[in-house]
Amino acid sequence: MNKNALVSFEGVVKRFGEFVAVQRMDFEIGKGEFLAIMGSSGCGKTTTLRMLAGLEAPSEGVIRLSGKPINDLPTWSRDTPMVWQSLALFPFLNVIENVEFALKMRGVGKAERRRRAEQWLDRMQISEFAGRNISQLSGGQRQRVALARSLVVEPEILLLDEPLSALDAALKVRMQSVLKNLQRETGITFVYVTHSQSEAFSMADRVVIMSRGKIEQIGTPQEIYRTPRTRFVANFLGSSNIFTGNVVETGDGRATLETPMGAFGLVSSEQSTRALMGRTATLTVLDTKTNLSRTMPTGRVNAVPVRMIGEEFIGATATIYLETGDGHEIRVQKSHEELASLPLQIGQELVAYWNEEDGHLVPEE
Ligand SMILES: Nc1ncnc2c1ncn2[C@@H]1O[C@H](COP(=O)(O)OP(=O)(O)OP(=O)(O)O)[C@@H](O)[C@H]1O
C-alpha cells in the first residue's frame with residue numbers, strides 16, 4: 001500500500017446472493033484526493049461507496065483506512081471520520097439546526113455551533129433559509145443543506161452520491177466550483193459518485209470508470225479523455241470516433257489497422273501495439289481531432305469520404321454529424337471559425353480526416 005493512500009481496496013468483491021455487484025477491485029485513494037466514480041446505471045458505484053462507508057460488508061477482500069482493515073468496523077467506531085452526504089435530513093429540525101446537529105452530538109458549545117453552521121450555510125449560499133423547515137425547501141436547497149451538514153464537522157473523508165443531481169444547470173456549474181474550492185481549501189478527501197461526465201471531469205483529480213462491477217479505467221481526466229483504455233470507456237465518454245478492424249502491420253513506431261472503410265495508419269510507440277498484431281482492435285480518435293475538408297488531404301493522414309447528416313450548436317462549438325458510405329457515424333467537433341470555410345449543408349459530400357498521431361489503439365474485448 002502506498003504510504004500516501006488513505007483508503008485501499010484489495011481484491012474487494014461484493015455479491016448479493018449469486019449476483020456479483022462488484023468484481024475484484026484493487027485501487028487506492030490518496031489523502032486529500034478528489035476521486036470521482038462514474039459508470040452506467042447498475043455498474044456498482046453506490047455499492048462501492050456503501051462498502052467504504054461500512055453500510056455493506058465486502059464478500060471478499062480487504063478495505064483499509066490509513067492502513068487498518070475496516071471491513072467489519074461500523075462507521076461510528078472508526079478513528080477516521082467519514083461522512084455520507086446523502087443521509088436524509090431531520091424533518092423535525094429547521095435548516096440551521098440540521099447543520100448544527102452533528103456538532104451538538106460532538107459536544108461543541110452553542111455559540112460556536114451557531115457560528116460554524118452559519119459559516120457553512122453562507123458558503124453553500126443558503127443563509128436566507130436558515131430558519132425554514134426542511135419540508136419548505138426545494139430538492140436543490142435540501143441537497144445544499146445536506147452538504148453543509150456533512151462539511152460542518154470537517155470529516156477526513158466525505159462520500160458523496162450524486163450530490164448535485166437536483167440542481168438546475170446554472171446552479172450545478174456554480175456549485176461545482178464551490179465544491180472544488182472547498183475540497184482544496186479543507187483538504188478533505190472526496191469520493192464522489194456521479195452520472196455526469198462534466199462534473200467528474202471538471203472537479204476530480206482522478207476518475208474511476210466502472211462497467212458491470214469492474215473498473216475499466218482509473219486515471220486523471222486528461223488521461224482518460226485522451227487515451228481511453230478500452231472500447232467501453234471510449235464509447236461511454238462519447239467524445240471519440242471509433243473504428244474496428246484488424247491490426248495487419250506493426251513496427252517502426254507505426255501500426256496499420258485494416259477496417260471496412262480502408263486501412264488506417266497510426267503512430268504508436270506503445271509496446272502493447274505489437275501484442276495486437278493479427279488481432280481485432282479498436283481505433284479511437286477524439287472528435288475534436290477529427291477534421292473536415294472538401295477534398296482528399298495529402299500527407300500522413302487517414303481520410304474517409306462522408307456525407308453530412310446533422311449539426312448541433314453548443315455555445316461557440318459545433319458538432320457535425322456525418323456518415324460513411326456503409327452507415328458508420330463520424331462526429332467532428334470544432335469552433336465556428338474552424339468550420340467557416342466549409343459548405344455545411346445536410347447531404348453535403350465531404351472528407352473526414354485525422355493525423356496519424358491522433359489515433360489511439362485499444363484491444364477489442
Ligand atoms: N441489496 C441488494 N440486493 C441485491 N442486489 C443489489 C443490492 N444492492 C444493489 N444491488 C444490485 O447491484 C448492482 C449494483 O448496484 P449499485 O446501486 O451499486 O449501482 P450504481 O452503479 O450505483 O447504479 P445507479 O447509477 O443506477 O445508482 C445493481 O444491479 C443492483 O441491482
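Domain bounds here come from an automatic or database domain assignment. On that basis, this predicted model divides into domain 1 (5–226) and domain 2 (235–363), and the C-alpha centres of domain 1 and domain 2 lie 38 Å apart. Here is a quick tour, from the overall build to the surroundings of the ligand.

**Overall build**
- The C-alpha trace of the protein spans about 75 × 45 × 35 Å along its principal axes.
- Its secondary structure comes to 10 helices and 20 strands.

**Packing and contacts**
- The protein has 365 residues, and 35% of them count as buried.
- If you take the contacts between residues at least 6 apart in sequence, 64% join residues at least 24 apart.

**Around the ligand**
- The ligand is surrounded by Phe16, Phe19, Ala21, Gly39, Ser41, Gly42, Cys43, Gly44, Lys45, Thr46 and Thr47.
- Two or more residues of this shell come from each of the elements β2 (19–30) and α1 (45–53).
- Helix α1 gives the largest share of the shell, with 3 residues.
- By residue class, the shell around the ligand holds 4 nonpolar, 6 polar and 1 charged.

**Worth a look in the viewer**
- To find your way around the ligand, you could start at α1, the source of the largest share of its shell, and then turn to β2 (19–30), which also gives two or more residues.
- For the domain layout, try colouring 5–226 and 235–363 separately, as these are the bounds of domain 1 and domain 2.

Definitions and conventions. Residues numbered from 1 in each chain as written. Predicted model: local features only at pLDDT ≥ 70, side-chain atom pairs only at ≥ 80, totals over all residues. Helix = DSSP H or I, 4+ residues; strand = E, 2+ residues; numbered from the N terminus. Buried ≥ 20, exposed ≤ 12 C-beta atoms within 10 Å, placed from the backbone. Contact = placed C-beta atoms within 7 Å. Near = placed C-beta within 6 Å. Nonpolar A, V, L, I, M, F, W, Y, C, P; charged D, E, K, R; others polar.
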